[in-house]
Amino acid sequence: MSSGQGESGGRQEGQLPASGSVVTGGGNGVVFSGESIRPAVVSLSNQRLRLNPNKEHKPDTYDDLQLDFSPSIFSSLERYLPPSMLGMPRDDKVKFMREILLKYLPHGERNRVQKHREYRQKIISSYQPLHRELYTMHPATTFVPSFLKAISDNTEESFRSIMSEPSPGVFTFEMLQPRFCELLLAEVENFEKWVNDAKFRIMRPNTMNRYGAVLDDFGLETMLDKFMEGFIRPISRVFFSEVGGSTLDSHHGFIVEYGNNRDVDLGFHVDDSEVTLNVCLGKQFSGGELFFRGTRCDKHVNTGTQSEETFDYSHVPGQAVLHRGRHRHGARATTSGHRINLLLWCRSSVFREMKKYQKDFSGWCGECQREKKERQRTSIAATKLVKSFFLLKKING
Ligand SMILES: [Zn+2]
């Protein structure tokens with residue numbers, strides 16, 4: 001079950017939906033069938049996105065524009081533009097990319113995006129933040145020094161030096177300053193108090209949690225964008241490149257709460273993300289262990305678990321867990337106390353687009369991998385059988 005298809009936890013602005021009218025062209029690129037894109041914008045007859053991004057190209061920034069998709073989507077997509085377009089004025093590039101993105105967004109979806117924007121504006125215009133310093137990124141007060149050092153060194157070795165990988169693809173490390181966790185908890189409490197006092201009906205983070213709040217909805221979106229770009233993407237680029245870890249370009253940031261009078265546990269699921277960061281903020285609790293059961297592609301999401309894929313983890317306040325969104329997991333009951341976690345679902349629109357043309361995900365899906373090995377084993381066995389048949393024939397004359 002994907003937990004991300006709820007009213008607020010579903011597709012975020014700028015995320016490419018699962019269906020669209022994209023066709024592959026000639027095997028060397030991705031072609032968007034051009035008939036519904038007005039030629040007045042840019043002639044699309046021979047404009048196709050590159051299959052691989054131009055890594056040397058430094059994209060424009062789109063932060064200052066009022067766009068219906070997140071600015072980082074445009075920066076990320078720009079590297080995929082055909083070479084002839086890279087030097088064009090920013091407005092032309094925006095028009096071209098927006099046309100592509102809009103093609104993927106059905107009307108109902110566009111309405112929903114518009115409504116959600118109004119909902120956010122309503123909150124932001126009347127909610128008074130408690131700790132304003134949280135709303136801009138201050139690395140030195142947010143992260144512990146060891147984590148900052150590893151990020152600034154920016155090598156696999158530096159990341160490994162602060163991380164454990166207790167099970168393949170699950171990384172745990174110390175990340176947030178205790179003081180930052182306290183401030184964030186207080187801010188969330190303050191927000192919830194405001195929600196109650198104002199009798200404001202808020203959207204919950206996803207279909208599976210009845211408590212908790214979406215941080216992006218009350219002003220923390222820009223800060224969390226910087227959080228993802230500066231502090232998650234460098235790590236994901238190294239450990240999760242096969243699931244779009246180097247092209248993470250949008251996020252869904254929220255808080256979940258477990259315990260008495262809150263959600264108790266969380267069923268087995270996959271996240272609507274490429275990479276998920278899960279940080280325990282506190283407070284005192286028992287129970288609430290996370291359990292992991294192997295990474296799966298869409299097709300294999302309900303297949304069995306191999307014994308080596310079984311992994312349970314007890315959360316420690318301040319500690320972060322980083323894993324693929326498709327890594328199947330859940331949380332056991334929080335039996336006493338109050339457990340509050342920060343979740344950052346990091347997404348890559350490029351990866352979601354490219355995924356449509358692939359069938360074999362043995363780079364990260366445990367079941368695809370198993371099937372591939374099985375195919376290789378069968379083919380080796382068949383070759384051996386043929387060989388021994390001919391050998392026998394030879395012996396028997
Ligand atoms: Zn698979």
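## A strand enclosed by the structure

A residue counts as buried if 20 or more other C-beta atoms lie within 10 Å of its own. Keep that cut-off in mind as we look at this predicted model, starting with strand β13, residues 319-324. Five of its six residues are buried, so β13 is largely enclosed by the rest of the structure.

## The partners of β13

Which strands pair with β13? One of them is β5 (residues 170-174), which runs antiparallel to β13 and is joined to it by four bridges. Along this pairing, F173 stands opposite A320 in β13.

Strand β9 also pairs with β13 in the antiparallel sense, here over five bridges. If you would like a landmark for this pairing, look for L277, which stands opposite L322 in β13.

## A cis peptide bond after β9

Following β9 (275-282) brings us to a backbone feature worth a look: the peptide bond from G282 to K283 is cis, with omega near -10°. K283 itself sits in the loop that links β9 to β10 (285-287).

## Two positive phi angles in loops

Now to N154, which has a positive phi of about 55° although it is not a glycine. Its place is the loop between α5 (145-153) and α6 (156-162). Is N154 buried or exposed? With 12 other C-beta atoms within 10 Å, N154 is exposed.

K199 is another non-glycine residue with a positive phi, in this case about 50°. You will find K199 in the loop between α7 (178-197) and β6 (213-214). K199 is exposed because just 6 other C-beta atoms lie within 10 Å, and the cut-off for exposed is 12 or fewer.

Terms used: Residues numbered from 1 in each chain as written. Predicted model: local features only at pLDDT ≥ 70, side-chain atom pairs only at ≥ 80, totals over all residues. Pairing = 2+ DSSP bridges.
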